[in-house]
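This report covers strand pairing, one enclosed cavity and one loop residue. The sequence and structure come first.

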Amino acid sequence: MKRTGQSLALVAGIAVIGFTGRWLMQSSTLPVASVHIRGTFVHVDREELRQVLEPFVNAGFLGLDMNGIRRSVEELAWVRQASVRRIWPAALAVSIEEQRAAAVWAEGGLINERGERFIPEKHAMADGELPVLAGPEGTERKVMTRLREMQDMLVALGASITHLEMDARRAWRLQLNSGLALLLGRREITDRLLRFVRTYDVAIAPRLETIENVDLRYTNGFAVQWKKAA
């Protein structure tokens with residue numbers, strides 16, 4: 001009888017613990033009283049964010065699916081990264097890093113400063129100030145890196161790139177805000193662009209309005225294509 005009594009007591013203890021766990025997990029026991037959102041938002045829609053969080057919050061404080069919340073928030077087009085944590089006893093904290101568009105990808109979507117492609121709603125993509133980039137699938141980061149390098153080289157001319165393309169043969173072509181196009185080919189890209197910068201004031205600037213493009217795919221010089229007479 002003594003052993004039986006001990007066994008019953010043990011079983012009863014497990015039952016109490018199990019029941020308490022289920023009770024604590026109920027949303028009505030420890031409800032989420034507040035949600036703290038941190039981040040600087042320009043494009044993230046707060047109402048859309050609220051709709052994403054609401055089903056998770058309804059599960060209660062201990063029932064929060066933290067990984068599920070993070071994944072769902074990061075599925076929003078203008079959210080690059082999110083982190084979530086509980087704040088005892090009844091709050092949820094969500095920190096968001098918003099995407100920062102640095103360029104438009106010609107095949108659709110935008111490119112952030114890290115060269116990552118993301119696709120927001122069409123109505124949010126109209127921004128004529130962003131350069132347009134193009135390249136084979138999967139080359140977004142490479143093209144973005146090249147854009148930065150070239151922009152730095154062109155600063156001295158007061159010029160900026162409006163279009164930059166790497167074609168299927170890995171040949172580069174760009175267009176400046178003046179409308180002038182540069183053909184750079186596949187090799188010695190930096191050296192060729194530097195040659196253009198060094199000769200711009202003397203050879204290009206005085207004739208800029210009459211030049212269609214500059215072909216820099218030569219060893220020691222370049223060729224100019226003139227605009228057709230109107």
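Leu-174 in S9 has Leu-182 in S10 as its bridge partner. In this predicted model, S9 and strand S10 (residues 181-185) are antiparallel and are paired over four bridges. The two strands make a hairpin with four residues between them. Gly-179, in the turn of that hairpin, has a positive phi of about 100°.

On its other pairing, S9 meets strand S8 (residues 161-166), again in the antiparallel sense, through five bridges. One of the facing pairs is His-163 with Gln-175 in S9. S8 and S9 also form a hairpin, here with five residues between the strands, and Arg-170 in the turn has a positive phi of about 70°.

In a regular strand, side chains alternate between the two faces of the sheet. Strand S9 (residues 172-176) shows the alternation: Trp-172, Leu-174 and Leu-176 point to one face and are buried, while Arg-173 and Gln-175 point to the other face and are not buried. Leu-174, the partner of Leu-182, is thus on the buried face, and Gln-175, which stands opposite His-163, is on the face that is not buried.

The three antiparallel pairings for which bridges are listed here are set out below.

| Strand pair | Bridges | Facing residues |
|---|---|---|
| S8 and S9 | five | His-163 and Gln-175 |
| S9 and S10 | four | Leu-174 and Leu-182 |
| S11 and S12 | four | Asp-215 and Ala-223 |

The last row concerns strand S11 (residues 211-215) and S12, which pair in the antiparallel sense; there Asp-215 stands opposite Ala-223 in S12.

These strands belong to an open sheet of nine strands, in the order S6-S5-S4-S7-S8-S9-S10-S11-S12, with mixed pairing. Strand S6 (117-118) and strand S12 (223-226) are at the edges; each has a single partner strand, so one side of each lacks a neighbour in the sheet. For the chain as a whole, the secondary structure comes to five helices and 12 strands. Of the 230 residues in the chain, 36% are buried. Among contacts with a separation of 6 or more, 48% are between residues 24 or more positions apart.

Where does Thr-139 sit in the chain? Thr-139 lies in the loop between strand S7 (132-134) and helix H4 (140-154). Is Thr-139 buried or exposed? The relative accessible area of Thr-139 is 7%, which is under the 20% cut-off, so Thr-139 counts as buried. The side chain of Thr-139 reaches the backbone oxygen of Pro-136 at 2.6 Å. Leaving out residues up to four places away in sequence, Thr-139 touches Trp-105, Met-166 and Arg-170. Arg-170 is also the residue with positive phi in the turn between S8 and S9.

Rolling a probe the size of a water molecule over the atoms shows where empty space is left. The structure holds one cavity of 30 Å³ or more, and the largest cavity has a volume of about 30 Å³. Its lining consists of Arg-146, Glu-149, Met-150, Met-153, Ile-189, Thr-190 and Leu-193. H4 and helix H5 (189-204) are the elements that give two or more residues to this lining. H4 gives the most, with four residues. By type, the lining of the largest cavity divides into four nonpolar, one polar and two charged residues.

Technical notes. Residues are numbered from 1 along each chain as its sequence is written. This is a predicted model: local features need pLDDT of at least 70, side-chain atom pairs count only at pLDDT 80 or more; totals for chains, interfaces and linings use all residues. Side-chain values use heavy atoms; hydrogens and water are left out. Buried means under 20% relative accessible area, exposed over 50%, partly exposed in between (1.4 Å probe, protein chains only). A polar contact is a pair of N or O atoms within 3.5 Å; within protein, one must be able to donate a hydrogen and the other to accept it, and residues adjacent in sequence count only if both atoms are side-chain atoms. Contact means heavy atoms within 4.5 Å. On a 1 Å grid over the protein atoms alone, a cavity is a set of points where a 1.4 Å probe fits but cannot get out, and a pocket is an open set with protein on both sides within 12 Å along at least five of seven lines; lining residues have an atom within 4 Å of a point. Grid points are joined across faces, edges and corners, and a volume is the space filled by probe spheres set on the points. Ala, Val, Leu, Ile, Met, Phe, Trp, Tyr, Cys and Pro count as nonpolar, Asp, Glu, Lys and Arg as charged, and the others, Gly among them, as polar. Two strands pair if DSSP finds at least two bridges between them.
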